Amino acid sequence: MRQSRTFIPTTREVPSSAEAISHKLLIKAGMVKQVSAGVYTYLPLATKVIQNIERVIREEHDKIGAVELLMPLLQSEDYWKESGRWYKMGDELMRLKDRKGAGYALSPTAEEIICQTVNNMLTSYKQLPMNLYQIQTKFRDEMRPRLGLLRGKEFIMKDGYSFHDSPESLRETYLDYYNAYSNIFDRFELKYRAVKADSGNIGGSYTHEFQALAEIGEDTIAYTEESDYAANIETAAVVEQNYTIPSGFEKKERELLETPDQQTIDDIAAYCGVEVNRAMKALALKADGEFYLVLMRGNDQLNDIKFMKATGTSEVEMATEQEIEEVMGSVVGYMGPFGIKNCKVIGDNAIKYMYNHSCGANKKGYHYINVNPGDYEVDAYYDLRMIEEGDIAEDLSGKIKFAKGIEVGQVFELGKGYSEAMNITYLDANGRANHFYMGCYGIGVSRVISAIIEQHNDEKGIIWPKEVAPFQVHLVCVDVKKQEQLELSEKLYAELTSAGYTVLYDDRAERAGVKFNDADLIGIPLQVVVGKKATEGIVEVKERKTLEKVDTSITEVLSKVGQFYK
Ligand code: ATP
Ligand code: MG
């Protein structure tokens, strides 16, 4: 494509609201134009990138037998009421009415319509599993559309849905998708982790999020360099291998110690003469109407999700001062396991390994010191704390590190939630009607563009990975007024194009500096620069990533390009 004829409005003007590097570079490189908050026009370069992303997605979906279709964006409210999401999704769901007053949702995903699509059409167990996907615009009235294409109000998503007659068949397809997604993100050259995650509100249970590692990311993940273990910090398990009691420690006699006016756990620890991880803290919680005293090390944070899972509760709040005094017989700031009343006492696993430690004495102004395991009663121990950097990973392979991630995709076992709500069934071998097991699988196509740029850039601009680059070769004619440069450029353009490469040919009458800057900014992986040495039959081949330039005889250009893309 001739650069003089296409539309790549590169600019230095970036609005101050563009915080993310990817957002700035998308604007600078003339790839997007904002229409309104969270709504963008994809300019020609971005459109090429999208087409490449979609090509990779289609190739990998073909391999796992997923079949493409295209569903409408305009979705009658009737289906959304049937699934219940009309009421559950709140303001995030874009709603509108037609001239007759009939209500519609603008698709944020398409579980309802895929169910409506297969209803009475996918009827026999013999047709299962069925695996359908689309690449289509989505709408979500996000609270804060931001960071360019990372969080749009209108964006492009690949959404896939599978139908099964057994949980085993669902798991098989889930794993196919998991592998396909890994291949796809590998081909995008993204550094990512597949993170076992919580299901949020879609209603399934088994799910992985694919998180591209990037500082700008909104999710924090716990991972280790030593294996592919990764988990959402909200759910990452803390293993007991993290704790030990030093062998041969000397058990001391428990004592009551007056500890007036000690405010923080650090103060108390210092006053009691122990490190803070040997100062026990106790939290009084009220969950589903029952009281709990949760015992932890002083410096650990309670993970509410783990607490709720462990206790099988769903509504948790802190007990009030009055409840602590009147029900539990204790007092704020001095809670502990000795003599606590009317509650379950549960301990984080770590406290099994505390020794000669302090704890509240349930009496204003007093703590015990030299407390040891077995001195008090605990109803149950669980993993209750938030994971920390440096903890041993659940798979014991190494130490945990934290990283920020951008969720670029998610795979999800939905189970029968939607098929039951929408009442869609197939007939099994005995002619009985059963609800389908379903899975759903999403990739944020437009978000991926930004995620790639976040990971692939330098101070000059974008550095596209080969598979998604808008063009394979950027052919730059340095001075189009010089006949020999123009002729040679035209010749190379024809040759490269007919050899099957996609070429952006800078044939503009611009200054050399402008052209070089634009080329580095746009970030096509390989540049072929036709300049002064054209008269000698020599051009410069430059790799965008390394910025390495090599003088190359024109007879060798094709083989050089071929080598790069082999
Ligand atoms: P998030 O937690 O980031 O809001 P989500 O978990 O709600 O995302 P899903 O329903 O899992 O999103 O949608 C599938 C994929 O679509 C996500 O993994 C993400 O890549 C992409 N996506 C979701 N919301 C947006 C958005 N507002 N803008 C761009 N891409 C999005
Ligand atoms: Mg998600």
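In the predicted model, Asn 362 counts as buried, because its relative accessibility of 12% lies under the 20% cut-off. This residue sits in the loop that links strand E18 (357-360) to strand E19 (366-371). Its backbone carries a positive phi, near 60°, in a residue other than glycine. A positive phi also occurs at Asn 423, again not a glycine, where the angle is about 45°. Asn 423 is placed in the loop between helix H10 (417-421) and strand E22 (425-427). Most residues other than glycine have a negative phi, and most peptide bonds are trans.

The peptide bond from Leu 128 to Pro 129, by contrast, is cis, with omega near -5°. Pro 129 belongs to the loop that runs between helix H5 (111-118) and strand E7 (130-139).

The magnesium ion (ligand 2) is coordinated by two residues of the protein, Glu 407 through OE and Gln 410 through OE1. The coordinating distances are 2.0 to 2.2 Å. As for solvent accessibility, Glu 407 has a relative value of 24% and is therefore classed as partly exposed, the range for that class being 20% to 50%. Gln 410, at 16% relative accessibility, falls under the 20% limit and so counts as buried.

A further buried position is Ile 449, which has a relative accessible area of 0%. Ile 449 lies in helix H11, which comprises residues 445-455. When residues up to four places away in sequence are set aside, Ile 449 touches Leu 26, Val 49, Ile 50, Ile 53, Leu 149 and Trp 464. For one of these partners, Ile 50, the separation in sequence is 399 residues, while the C-alpha to C-alpha distance from Ile 449 is 7.6 Å. The contact list of Ile 449 thus includes a residue from a remote part of the chain, as Ile 50 shows.

With regard to model confidence, the protein chain has a mean pLDDT of 95, and 99% of its residues reach 70 or more. Residues 199-204 form a stretch over which pLDDT stays under 50. For this stretch the model has eleven contacts beyond four places in sequence.

Definitions and conventions. Residues are numbered from 1 along each chain as its sequence is written. Chains are lettered from A and ligands numbered from 1 in the order in which they are written. This is a predicted model: local features need pLDDT of at least 70, side-chain atom pairs count only at pLDDT 80 or more; totals for chains, interfaces and linings use all residues. Side-chain values use heavy atoms; hydrogens and water are left out. Donors are N, O and S atoms within 2.8 Å of the metal (3.2 Å for Na, K and Ca); water is not among the atoms, so sites may look incomplete. Buried means under 20% relative accessible area, exposed over 50%, partly exposed in between (1.4 Å probe, protein chains only). Helices (H or I, at least four residues) and strands (E, at least two) are DSSP runs, numbered from the N terminus. Contact means heavy atoms within 4.5 Å. pLDDT is the predictor's confidence in each residue, from 0 to 100.
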